[in-house]
Amino acid sequence: MRKSLLFSAMVVAAGLAPAATAAASPEAAPTAQQLLAKTTSCKQVSNGKYKTDEETGRTIAVCDAGSAVFWKADMDIDCDGQPTARCNKNTDPWFQDGTAYPRSDGKALIADQTPYVVVPSISGTWNFEKAGLKGAGSCAVIYNDKVLYTVIGDTGPKNIIGEASYAAAKALGINPDPKNGGVDSGVTYICFKNSKVSPIEDHGKSTSVGQGLAAKFVQG
């Protein structure tokens, strides 16, 4: 199973956590429990279900939740994008040097720096664009009562769902190693419709935008 990144422990401590704290007041940021309470039932919008890995059966549905869509799956690690010491063709057998959605400078995202999620490429199973999602869209990822606000940064296989960047995994306490990291279950992905974070690589911005959308989502 593949998994993905995050910056160094110093970047996590000095970048991700402070950004989340400073971006919005505690009152504006829903808890993991509040967000999960909105995902207890599934109004399926995918035409069928997805696999979590190539060798598994199709068990994961994409669900509509009003202003957002969500799915509950595993987390594989995406290390694609600009090569780094942690993400390159030697550390990741599936490495590709591009991402579906580039940074503001036109270059690919940096998987061990930017927390992002991967959505399945458009297929007969589900068209994420018709569902109101797009590149740089805002998502909340929940694991073990932790909430991380991310962006949609890449697209993956048409039949598999449940993947995020090295940085996203690391921030959630998940092993980010692209070869043997990730987690088999317990991850909830909530992506907000008609949203966009700009610039896509600014985690502080993705946190502030995500917290605001999440607050409206739990109140809806």
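**Disulfides, aromatic pairs and strand 5 in a predicted model**

A disulfide joins C79 to C87, with a distance of 1.9 Å from S to S, in a structure that is a predicted model. The torsion about the S-S bond of C79 and C87 is -60°, and the link is left-handed. Both ends of this link are covered, since C79 has a relative accessibility of 0% and counts as buried, while C87 is buried with a relative accessible area of 1%.

The link between C79 and C87 belongs to a set, as the count of disulfides comes to three. When the bonded cysteines of the chain are numbered in sequence order, the pairing reads 1-2, 3-4, 5-6. Another of these disulfides joins C42 to C63, with 2.0 Å from S to S. The torsion about the S-S bond of C42 and C63 is about -95°, so this disulfide is left-handed. C42 is placed in the loop between helix 2 (32–36) and strand 1 (43–44), whereas C63 is found in strand 2 (residues 63–64), so the pair ties together parts that are 21 residues apart in sequence. The two cysteines are covered to unlike degrees: C42 has a relative accessible area of 42% and is partly exposed, but C63, at 4% relative accessibility, counts as buried.

A further disulfide joins C139 to C191, with 2.1 Å from S to S. About the S-S bond of C139 and C191 the torsion is 100°, and this link is right-handed. The pair links distant parts of the chain, with C139 in strand 5 and C191 in strand 8, 52 residues apart. C139 has a relative accessible area of 0% and is buried, and C191 likewise counts as buried at 0% relative accessibility.

The setting for these links is a chain with four helices and eight strands, which follow one another along the sequence in the pattern α-α-β-β-β-β-β-β-β-α-β-α. The chain has 220 residues, of which 52% count as buried, and its accessible surface comes to about 9300 Å², with 50% of that surface belonging to carbon and sulfur atoms. Among the contacts between residues at least 6 apart in sequence, 76% join residues at least 24 apart.

Strand 5, which carries C139, spans residues 138–143 and is mostly covered, with six of its six residues buried. The cover extends to both faces of the strand, with S138, A140 and I142 buried on one side and C139, V141 and Y143 buried on the other. Strand 5 is joined by six bridges to strand 6 (residues 146–156), and the two strands run antiparallel; in this pairing, V151 of strand 6 is the bridge partner of S138. Strand 5 and strand 6 form a hairpin with two residues between them, and in the turn N144 has a positive phi of about 50°. Strand 5 also pairs with strand 8 in the antiparallel sense, over four bridges, and here the bridge partner of A140 is I190 in strand 8. Strand 5 and strand 8 are thus connected by these four bridges and by the disulfide of C139 and C191.

Strand 8 also takes part in the aromatic contacts of the model, for which the count comes to four aromatic pairs. In one of them, the rings of W71 and Y189 have their centres 5.6 Å apart and their planes at 15°, and planes under 30 degrees apart count as stacked, so the pair is stacked. W71 lies in strand 3 (residues 68–78) and Y189 in strand 8 (residues 183–192), so the pair ties together parts that are 118 residues apart in sequence. Both W71 and Y189 are buried, and these two residues, together with W126 and F128, form one aromatic cluster. Elsewhere, a charged residue meets an aromatic ring, as K38 lies over the face of F217, at 5.8 Å from the ring centre.

A last residue to be described is T125, which has its place in the loop between strand 4 (116–120) and strand 5. Although T125 is in a loop, its relative accessibility is 15%, and because buried means under 20% relative accessible area, T125 counts as buried. When residues up to four places away in sequence are not counted, T125 touches S46, N47, G48, K49, Y50 and R58.

Conventions
Residues are numbered from 1 along each chain as its sequence is written. This is a predicted model: local features need pLDDT of at least 70, side-chain atom pairs count only at pLDDT 80 or more; totals for chains, interfaces and linings use all residues. Side-chain values use heavy atoms; hydrogens and water are left out. Buried means under 20% relative accessible area, exposed over 50%, partly exposed in between (1.4 Å probe, protein chains only). Contact means heavy atoms within 4.5 Å. Accessible areas come from the Shrake-Rupley method with a 1.4 Å probe; for residues, only the protein chains shown count as cover. Rings of Phe, Tyr and Trp (its six-membered ring) pair if their centres lie within 6.5 Å; planes under 30 degrees apart count as stacked, over 60 as edge-to-face and the rest as tilted. A charge sits over a ring if NZ of Lys or CZ of Arg is within 6 Å of the ring centre and within 35 degrees of the ring normal. Two strands pair if DSSP finds at least two bridges between them. A disulfide is a pair of cysteine sulfur atoms within 2.5 Å.
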